[in-house]
Every structure is written in C-alpha cells, then in structure tokens.
Amino acid sequence: MTLILRALTLLSLAAWLVVPAFADEEPLPVTDAFQYAVTDTGQAFEIDWAIADGYYLYKKKLGFESTSAALVLGDPELPEGLDYEDEFFGPQQIYRERFFVTIPYTTGD
C-alpha cells in the first residue's frame, strides 16, 4: 500500500490547496479537509475522496506514484472537474465534495 503513503505525502505537501470557506476561519488540517478511502481490487486502486465544505482540490495538481519498483501505476482515471476561474492560476478544473479516482496497476512478480 505504498500508494496510500505517497498520497498522504502529496496531500501534506499540497497544504496550500486548502481553501477555507471563510477567510477569518482557521483552515482545517489537510487530513480533515481531504479524506479518502482506498480499495485495492487486485487490478486497480479505487480512491473515494471526500472534501470538506468550502474546500477544493485542483485537478491538475493531483499526482500519484508508487515508491516500489514492483508496483507500476497506470494512468489515473479522473472524473471531469468543475470549471473554476482562479484569481492567481486562471481557468482551472477543481473537485469539491466527493469524487472517485481509479488507478490501474501491474505488479512485477
């Protein structure tokens, strides 16, 4: 399950993606704002993301990688995001609330 550890690392490094609903509020910790559950089907990882109200993730900032040479990830299957005009980054696609990602993989047995 090195993917899970890597995903947690990516979320920790991407803390700047946390966008509170109200600027006066203290932002939630990353692990509270962006929760997910991973299921291993034997051929793919299925990730069920739950994003707290008032927060979002940038689609093109998501990345997944394996830390094991024995586990080779395929291209992630990402759903269409919501169109969003970011004042700093321009037109973006974002995810809010809940979405699912499927990442096929192969193993070097």
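## Ground rules

Buried here means under 20% relative accessible area, exposed means over 50%, and partly exposed is anything in between, with a 1.4 Å probe and protein chains only. This is a predicted model, where local features need pLDDT of at least 70 and side-chain atom pairs count only at pLDDT 80 or more, while totals for chains, interfaces and linings use all residues. Residues are numbered from 1 along each chain as its sequence is written, and side-chain values use heavy atoms, with hydrogens and water left out.

## The chain as a whole

The protein chain has two helices and seven strands, taken as DSSP runs numbered from the N terminus (H or I, at least four residues, for helices; E, at least two, for strands). From the N terminus on, the order is α-α-β-β-β-β-β-β-β.

Of the 109 residues of the protein chain, 30% are buried. The chain exposes about 6,900 Å², with 53% of that supplied by carbon and sulfur atoms; the areas come from the Shrake-Rupley method with a 1.4 Å probe, and for residues, only the protein chains shown count as cover. Take the contacts (heavy atoms within 4.5 Å) with a separation of 6 or more: 62% of them come from residues 24 or more positions apart.

## β1, β2 and β7

Strands β1 (residues 34–40) and β2 (residues 44–51) run antiparallel and are joined by seven bridges; strands count as paired if DSSP finds at least two bridges between them. One spot to look at is Q35, which stands opposite A50 in β2. The two strands make a hairpin with three residues between them, and G42 in the turn has a positive phi of about 95 degrees.

β2 also pairs with β7 (residues 98–107), again in the antiparallel sense, over seven bridges. There, W49 has F99 of β7 as its bridge partner.

## The main core and a lone salt bridge

The largest nonpolar core, meaning buried Ala, Val, Leu, Ile, Met, Phe, Trp, Tyr and Cys residues joined through side-chain atoms within 4.5 Å, has 14 residues. F34, I47, W49, I51, F99 and V101 have the most contacts inside the core. Two or more core residues come from each of α2 (30–33), β1, β2 and β7. Helix α2 also holds D32, which is partly exposed at a relative accessible area of 39%. The C-alpha atoms of D32 and A52 are 7.5 Å apart, although 20 residues separate the two along the chain.

How many salt bridges does a search of the whole structure find? Just one, if a salt bridge is a side-chain nitrogen of Lys or Arg within 4 Å of a carboxyl oxygen of Asp or Glu. R98 and D48 are the partners, and their closest N and O atoms are 2.5 Å apart. Since R98 sits in β7 and D48 in β2, the pair ties together parts that are 50 residues apart in sequence. R98 is exposed, with a relative accessible area of 53%, whereas D48 is partly exposed at 22%.

## The β3-β6-β5 sheet

Three strands make up an open, antiparallel sheet in the order β3-β6-β5. β3 (57–58) and β5 (82–86) are the edge strands with a single partner each, so one side of each has no neighbour in the sheet. β3 and β6 pair over two bridges, and L57 has Y95 of β6 as its bridge partner. On the other flank, β5 and β6 pair over five bridges and form a hairpin with three residues between them. D86 has its bridge partner in G90 of β6.

## Two glutamines in β6

β6 is mostly covered, with five of its six residues buried. Is Q92 of this strand buried or exposed? Q92 is buried, at 8% relative accessibility. A polar atom of the Q92 side chain lies 3.0 Å from the backbone oxygen of F89. Beyond four places in sequence, the contacts of Q92 include Y58, L82 and D86.

Next door in β6 (residues 90–95) is Q93, whose side chain makes a polar contact of 2.7 Å with that of E80. A polar contact is a pair of N or O atoms within 3.5 Å; within protein, one must be able to donate a hydrogen and the other to accept it, and residues adjacent in sequence count only if both atoms are side-chain atoms. Leaving aside neighbours within four places in sequence, Q93 touches L57, Y58, K59, E80, G81, L82 and D83.
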